[in-house]
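Okay, thanks everyone, let's get going. I'll put the model up and then walk you through the interfaces.

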Amino acid sequence: MTKKHKKYKITSNGMKKFLFIFTILFFTLFFIEKADAASILVSPPSAIYTGDNFEVLISIDSDGVPINSVDITLNYDENLMSFSGYKSENTITPLWLVSPHESNGSILMSGIIPGGVSGLYDPRNKGLSPIPLVKLLFSATKDGNAKLSFIERKILKNDGKGTELLHDSKNVNLEIRKSITGDGNFDSQENVFDKNSPEPFAITFLESSLFSRTPSMIIFDARDAGSGIKYYQIKIGFQDWQNAQSPQPVSKSIFSRDVVVRAYDFYSNFQDASIRIPGFLSFKLLLIILAVLVFSGILGLKLLKYRA
Amino acid sequence: MAQAQSTENVSISARVGGEVVTTNNTSGSIGIPKTAVRFSGEAYPFATISVLKEGKKVVSVQADSRGSFSVTLEEQYDSTIVYSLFATDVSGNQSLLINYPIAVYVGFITHLYGIRFAPTIVVDKAEVRFGDYLAVYGYSLSEADLEVFIEGKEKKNFTLVSSKNGSYKIILPMQDLPKGEYVVYIRYVDDARNSKLVKFVIGELNVPNTDTVENIPGDCNYDRLINLVDFSVLAFWYGKDNPPACVDTNRDNKIDLIDFSILAFWWTG
């Protein structure tokens, strides 16, 4: 009896310990799972050969949480591949604050999705699908194992407070194989991605109010389906072309001036847009002033003659 | 009382000989020329529902007396399209914008159903004298259970039921809340979708809401719209020192991604 009782006690203690450990493990795993349920995904093609031009889709699985801002820095292997632009086709194009561009072996991008999104509604998939953000374009220059790794990443919730969304991200290894056909020599000059100009775009002039600390400026947002906008240049009146970005401060001068903005894609195709910035003096006002001056002059001369 | 949660679902349908056949199995593709996207759900009685496609307004429809609506847009190509919907109640107050990125397939009607807008919200004061009252009102579905939240130095919540025509009004006592900045918002009970956040201050005076134009974060030109113009003004100050108060949406004296996120939340287009 005692023995039996003792045995029962041991079992009970063991059960309690088991339940305790199980409960802790369950909750730990549950919360870890919860914290990391959202993630940034990198989807490269399954096979890449030297000389290939390929797309890497960056998407966000927000776990159904509405998000509206992203800031991503992605590192890639410059020795094996080169960045050649980005595509917005079939993606939820953010309003870029910093459009995808290369800087020292990293691709930086930052933008907002006005109103926020929770995911992609795709009737062919159950539930919400990940948010397709952008397709980065690369060219495979050399065979080897290339790595795409996140250096910085920030996703903000669409909650009116800019709360950060906890998420994880997985770095991706790409195996670039030697071209089977033997013609895998990469020609960086060859344009296979994009032969079309950016789409026509408009320029808006925002005039500064009297007491505003924000200057008068022009805003523009060109789109390019093939490879994305790489940079802008601006020509104000008879001045030379210079690099620009939206918003671009443009001060008002005495007379109106024509401003031309040229949007270049990653393959040097360009599109121009222009606007006339009004001056402080209009042509009509100038004519009136001239007429008044001439009239005053004539009157003055007559007075002088009369006195003489 | 309406208690349904705003859980949108999407289905794909095929139109065959005038009949709409809904199917979730797309393996057997049928060569059907009709391609469309349909949105249906609930807003407020007789509300106007506007649909934007890639940021441009394409159509608006009126909800019925129960607040139900349905709108269908014809499409032509396989593509991912971002549609945005917002509702305007009979008093002219707008809901927040809701985005629906949808994968559209040629030959099919994609139906997004179960949409539910959070109630609209207006307050009578921009500043409430300490110990006084704040009136919160707007529109929701008729006879719906609602919950009002006040968040700031302290948090409080109140429940109420809307009237038969969808209107609601609640007078909230501010006696127990310390002076400071607050936000108030409303949502259906057991629903995750919040209304617009409305800022107010508990201070020394009662200042009617109509006397202030600075109630929308980032609206530096005070046109009560948040669009590309406001984004551009914010972008000009991005990373610069000593930004003006109107662009610094969270008042932390710097313009970073958080300010843009707050602007994106308030976006009207």
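Before any counting, one term: I call it a salt bridge when a side-chain nitrogen of Lys or Arg sits within 4 Å of a carboxyl oxygen of Asp or Glu. By that rule, we get 17 salt bridges over all chains. The general idea is just that side chains of opposite charge can pair when their charged atoms come close.

Quick housekeeping. This is a predicted model, so local features need pLDDT of at least 70 and side-chain atom pairs count only at pLDDT 80 or more, while totals for chains, interfaces and linings use all residues. Residues are numbered from 1 along each chain as its sequence is written, chains are lettered from A and ligands numbered from 1 in the order in which they are written, and side-chain values use heavy atoms, with hydrogens and water left out.

So, how confident is the predictor about chain A? pLDDT, the predictor's confidence in each residue from 0 to 100, has a mean of 84 in chain A, and 83% of the residues there reach 70 or more. Two stretches to watch out for: residues 1-10 of chain A have pLDDT below 50, with zero contacts in the model beyond near neighbours in sequence. Contact, by the way, means heavy atoms within 4.5 Å. Residues 28-35 of chain A are also below 50, and that stretch has two contacts beyond near neighbours in sequence. Where pLDDT is low, the predicted coordinates should not be read in detail.

Now the main event, chain A against chain B. On the B side 41 residues are in contact, and they meet 39 residues of chain A. How much area is buried between chain B and chain A? Buried area here is the accessible area, with a 1.4 Å probe, that two parts lose on being put together, summed over both. For this pair we get about 3,600 Å², and carbon and sulfur atoms give 69% of that. If you want residues to click on in chain B, go for P101(B), F236(B) and L257(B): they lose the most area to chain A, together 17% of what that side buries.

What about charges and polar pairs? Between chain B and chain A the salt bridge count is one. That's K161(A) with E151(B), closest N and O atoms 3.3 Å apart. For polar contacts, I need a pair of N or O atoms within 3.5 Å; within protein, one must be able to donate a hydrogen and the other to accept it, and residues adjacent in sequence count only if both atoms are side-chain atoms. Across the interface of chain B and chain A, the rule finds 12 such residue pairs, both residues at pLDDT 80 or more.

Which elements does chain B use? Helices (H or I, at least four residues) and strands (E, at least two) are DSSP runs, numbered from the N terminus. Those giving two or more residues to the side that touches chain A are β1 (9-16), β7 (79-88), β8 (98-104), β9 (109-116), α1 (228-237) and α2 (257-265) of chain B. The largest share of that side, eight residues, comes from α1(B). Split by class, the chain B side has 29 nonpolar, nine polar and three charged residues. In that scheme Ala, Val, Leu, Ile, Met, Phe, Trp, Tyr, Cys and Pro are nonpolar, Asp, Glu, Lys and Arg are charged, and the others, Gly among them, are polar.

Next, inside chain A. Domain bounds come from an automatic or database domain assignment, and for chain A that gives domain 1 (37-177) and domain 2 (203-277). Their C-alpha centres lie 28 Å apart. In this chain, 12 residues of domain 1 are in contact with nine residues of domain 2, and the two domains bury about 690 Å² between them, with 48% from carbon and sulfur atoms. Salt bridges between these two domains: zero. Polar contacts: three residue pairs, both at pLDDT 80 or more. On the domain 1 side, β5 (81-87) and β6 (95-103) of chain A each supply at least two residues, and β5(A) has the largest share, five.

Last stop, chain B, which is divided into domain 1 (17-116), domain 2 (122-208) and domain 3 (215-269). Domains 2 and 3 of chain B bury about 530 Å² between them, 53% of it on carbon and sulfur atoms. K196(B), L197(B) and K199(B) supply 75% of what domain 2 buries there, more than any other three residues. Across that interface the rule finds one salt bridge.
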